[in-house]
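Open the model in your viewer and keep the selection tool ready. We will go from stop to stop, picking residues as we go.

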Amino acid sequence: MKSSKRQNEFSHWLDHVTDNIIEPARTQTRQELENHYLDTTEEQLARGVSVQEAHILAMAALGDAGEVALEMQSVHFSARRALWVLFACLAYPISLFVLQSMYKFLSFQMITIIATIITSIIIVFVVLSIKKLLQPFHGDLDRPIQLLFFSQVMWALCPIISYIIYGELPLMNNQGGVYLNMSTLGSAILNVAMLISELLSGTACIWLGGKLLRQQSKLIFVSGIVLTIIGLFTIILCAMIVINNQLAAAVISSLNYVLVTIVLSLLGFFFFRVFSHGYHPPMETAS
Amino acid sequence: MNIKGTLPLLIMQCVSYEAKHGYQIAQQIKQKSEGVLDFKEGTLYPTLHKLQANGYLKSFSEEIKGRTRHYYQLTSNGAKFLEEERKEWNQVVKAVSLALEQSI
């Protein structure tokens, strides 16, 4: 009776540690901790300790469940994070739609700035989550993600600075036309900085998209293709801005918003599957 | 003695010659240090998983007496990292010893 009570205590401890971890890490961690608990119990019993005391000592040796759970969540992708990524992916088209309907209350510039900030935050969060999930199994994602992170920060900061100083947006006129404004030195610097951020962003998208093409998940593979197309379009967009082809630039810019929505929808679906079924990377066995 | 900061180094040393599972690693650290180095054994597993995620360890599973055992062993990257960490640790030990001698 007492032994079963101790087993229940251990089951609660184990649930607390592993509840928020996705599969298959969850099953492996449970097996490892359960084996550890049983090994310690057996060792104590062999030393002549009573069954009850052996269970108490085995639990004490494992330590505080909260502390172990926190460390586990810092290493493994949590189910809660998968859910947040799904919300972020859904938030992108919804926030753009809501912002579009706010022209009566906010200026065009203000709406563009808010949309840029929201887009950057969502992209950075989703991309960092992809890194956290895939890096342990596939590696090699660090550099394109760092480049994308840097370009997104630059991309979000340029319009804010430009709006505060000059009351205008870089690479954009008041009607939303895309062009390179070189009227003053300050505007020229901010416009070129924005153009560079677009170029870096495009390069990072192609780089990261290429890496994602090597993943086994079909959703991630297709996301890689769309991301590569976004990267290519962004670089073409930069070229159109430089040669002042405003119509082509506006079309590509709009197309990119659609493609970002598509890639975020794919990733949202992928993270929903991660939340519900876990992430099962290809097995690597040591000889 | 709290060994949290040095746990990765001790783990890598433990599995540098042969693959071991978590309980064996915990026991070896305690035995080799004659019980001086003690730690909460539940925290061993996040550290093992982190070392594996960083490519310093690789793991495989075996079914033994109805239990699935997960064994860890050092990778070539892990061996290089262990060597660097060991050198750094020796430098720290030497420096602390010197500092303690001087203050006496």
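The tour below visits charged side chains first and then a serine. Bear in mind that this is a predicted model.

**The overview**

How many salt bridges does a search of the whole structure find? Over all chains, the count is 11. We will visit some of them.

**Stop 1: chain A, two helices**

Select Asp15(A) and Arg30(A). They form a salt bridge, and the closest N and O atoms are 3.0 Å apart. Now colour the helices. Asp15(A) sits in helix α1, residues 2-18 of chain A, while Arg30(A) belongs to helix α2, residues 25-46. The two residues are 15 apart along the chain, so the pair links distant parts of it.

Turn on the surface. Are these partners buried or exposed? Neither word fits, because partly exposed covers the range between 20% and 50% relative accessible area. Asp15(A) has 27%, and Arg30(A) has 21%.

**Stop 2: chain A, Arg26 and Glu23**

Next, select Arg26(A) together with Glu23(A). Here is another salt bridge, with 4.0 Å between the closest N and O atoms. Both partners are partly exposed: Arg26(A) has a relative accessible area of 22%, and Glu23(A) has 24%.

**Stop 3: chain B, a loop and a helix**

Move to chain B. Pick Glu41(B) and Lys30(B). Their side chains meet in a salt bridge at 2.2 Å, N to O. Glu41(B) is in the loop between α2 (22-32) and α3 (44-53), and Lys30(B) is in helix α2. This pair also links distant parts of its chain, with the two positions 11 residues apart in numbering.

Which state does the surface show for Glu41(B)? Glu41(B) counts as buried, because its relative accessibility is 2% and the limit for buried is under 20%. Its partner Lys30(B) is partly exposed, at 22%.

**Stop 4: a network**

Select four residues at once: Asp39(A), Glu42(A), Arg67(B) and Arg69(B). Salt bridges that share partners join them into one network.

**Stop 5: Ser33 of chain B**

Return to the loop between α2 and α3 of chain B and select Ser33(B). Ser33(B) is buried, with a relative accessible area of 14%.

What does its side chain reach? Look for two backbone oxygens. The one of Ile29(B) lies 2.9 Å from a polar atom of the Ser33(B) side chain. The backbone oxygen of Lys30(B) is reached at 3.3 Å. You met Lys30(B) at stop 3, where its side chain meets that of Glu41(B) in a salt bridge.

How values were computed: Residues are numbered from 1 along each chain as its sequence is written. Chains are lettered from A and ligands numbered from 1 in the order in which they are written. This is a predicted model: local features need pLDDT of at least 70, side-chain atom pairs count only at pLDDT 80 or more; totals for chains, interfaces and linings use all residues. Side-chain values use heavy atoms; hydrogens and water are left out. Helices (H or I, at least four residues) and strands (E, at least two) are DSSP runs, numbered from the N terminus. Buried means under 20% relative accessible area, exposed over 50%, partly exposed in between (1.4 Å probe, protein chains only). A polar contact is a pair of N or O atoms within 3.5 Å; within protein, one must be able to donate a hydrogen and the other to accept it, and residues adjacent in sequence count only if both atoms are side-chain atoms.
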